[in-house]
Amino acid sequence: MTSRRVVIALGGNAMTGPDGSATVQAQRDAIRAAAEHVADVVAAGVEVVLTHGNGPQVGNLLVKNEMAAQVVPPVPLDWNVAQTQATIAFTVADELDAALEARGLAQRTAGLITRTLIDVDDPGFRAPSKPVGRFLPREEAEQFVSLGQIWEDRGEKGWRRVVASPEPRSVVDSPAIRALAAAGFVVVCAGGGGIPVTDDGLDGAGLRGVEAVIDKDLTAAILATQLDAHNLVIATDVPNVMVDFGTPSQRPLGRVTVAELREHAAAGQFARGSMGPKVEAALRFVEGSDPADGRRRAVITSLEHIADAVSGDDAGTVITA
């Protein structure tokens, strides 16, 4: 196990402005700020692999699909994921390379369009439930239903598209990621959980993209495992995981064992749409540790604390076996 290799999963707050703005300038400013913290981790002598969210960016592309549907054919969701991976990766590379150079570091950044294998028989395909994109009135949504998309009536807000969110099985391009990391690059990869692909054989030999979205944190846990990383750091917009959130007994979790965190999760402490997937990803990564290879650790914390999270156990919620 590579004790000095860390996979860092950047949350959506690292890709957009403080108010959620996804203008080009807001995204670049947010990524520039995130790059400073990542560069601090690299400066500590750690081999870094980065992954990131892409929800707002995919949402913007879906709006363009909708508005231009009568002019150009809409592109499928897997294409949208690939396009946002490329846009975010080159922007991260620009900003992170500048931050590394400013610190006198020799490392540079490489972006890799990354595929994630899913099972075509995953239950998520039988009951798509992940909302994507914006709300539309019924008459506008119907034109996309005619193209085979699934839209749901969400009441007063209108109709919204829902897609499958299958479980990630493996990161197809992990050998290339490993090679780039071993060559000294900071690798930006598996954005948005990776481009969902399957080997169902419907189009002959090889993989094919499918209409779905994958949870980025669950993919990050698999990626960290495949890369033999010792640390998984999930960066979000709060410094710690909280229990009894929103109540007078609310408290942050510091160091916690897998068993303790599983107990909190079973009690319904973590919302499915926010902290739940991050906690589950951290648990899966640590639970997969082989004691013979050294114990893994996962940390969930805010972006500004990621360097401290890698170097010690005093920042964020630290999950160990």
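## Helix H6

Nine of the 11 residues of helix H6 (residues 216-226) are buried, so this helix is largely enclosed by the rest of the structure. The model is a predicted one. The buried positions in H6 are Lys216, Asp217, Leu218, Thr219, Ala220, Ala221, Ile222, Leu223 and Ala224.

The N-terminal end of H6 is capped by Asp215, which places a side-chain oxygen 3.0 Å from the backbone nitrogen of Asp217. After H6 comes Asp228, a residue with a positive phi near 60°.

## Residues before and after H6

Ala212 belongs to the loop that runs between strand E11 (208-209) and H6. Its relative accessible area is 0%, so Ala212 is buried. Apart from neighbours within four places in sequence, Ala212 is in contact with Leu77, Phe125, Ala164, Pro166 and Pro196. Ala212 and Leu227 are 15 residues apart in sequence, and their C-alpha atoms are 25 Å apart in space.

Asp228 sits in the loop between H6 and strand E12 (229-236). Asp228 is not a glycine, yet its phi is positive, near 60°. With a relative accessibility of 35%, Asp228 counts as partly exposed, because the buried class ends at 20% and the exposed class starts over 50%.

## Ser174 and helix H5

Ser174 is located in helix H5 (residues 174-182). Its relative accessibility is 8%, and Ser174 therefore counts as buried. The side chains of Ser174 and Gln226 are joined by a polar contact of 2.9 Å. Not counting residues up to four places away in sequence, Ser174 touches Gln226 and Leu227. Gln226 falls within the residue range of H6, 216-226, so the polar contact of Ser174 with Gln226 links a residue of H5 to a residue of H6.

## A second positive phi: Ala190

Ala190 is another residue that is not a glycine and has a positive phi, here about 55°. Ala190 is in the loop between strand E9 (186-189) and strand E10 (195-198). A relative accessible area of 1% makes Ala190 buried, whereas Asp228 is partly exposed at 35%.

## Strand residues Val132 and Thr301

Val132 is part of strand E5 (residues 130-136). At 9% relative accessibility, Val132 counts as buried. Leaving out residues up to four places away in sequence, Val132 touches Leu62, Arg160, Arg161, Val163 and Val213. Leu117 is 15 residues from Val132 along the chain, and the two C-alpha atoms are separated by 21 Å.

Thr301 is part of strand E16 (residues 297-302). Its relative accessibility is 0%, so Thr301 counts as buried. With neighbours within four places in sequence set aside, Thr301 is in contact with Ile234, Ala235, Thr236, Val238, Pro239, Ile306, Ala309, Ala315 and Gly316. Among these contacts, Ile234, Ala235 and Thr236 fall within strand E12 (229-236).

## Gln25 in helix H1

Gln25 is found in helix H1 (residues 24-43). The relative accessible area of Gln25 is 46%, which makes it partly exposed. Between Gln25 and Phe270, 245 residues apart along the chain, the C-alpha separation is 33 Å.

## Overall fold and surface

The protein has nine helices and 17 strands. For 321 residues, a compact globule would have a radius of gyration near 20 Å, and the 20 Å of the protein agrees with this. Along the principal axes, the C-alpha atoms fill a box of roughly 55 × 45 × 40 Å. Of the contacts with a separation of 6 or more, 72% are between residues 24 or more positions apart.

Of the 321 residues, 48% count as buried. The exposed area of the protein is about 14500 Å², and 52% of that area comes from carbon and sulfur atoms. The protein has 29 positive and 41 negative charges, and the mean positions of the two sets are 1 Å apart.

Note on methods:
Residues numbered from 1 in each chain as written. Predicted model: local features only at pLDDT ≥ 70, side-chain atom pairs only at ≥ 80, totals over all residues. Heavy atoms only, no water. Helix = DSSP H or I, 4+ residues; strand = E, 2+ residues; numbered from the N terminus. Rg over C-alpha atoms; globule rule 2.2 N^0.38 Å. Buried < 20%, exposed > 50% of the residue type's maximum accessible area, 1.4 Å probe, protein only. Contact = heavy atoms within 4.5 Å. Areas by Shrake-Rupley, 256 points an atom, 1.4 Å probe, with all protein chains shown as cover. Lys, Arg positive; Asp, Glu negative; His and termini not counted. Charge placed at Lys NZ, Arg CZ, Asp CG, Glu CD. Polar contact = N/O pair within 3.5 Å; in protein donor to acceptor, adjacent residues only side chain to side chain.
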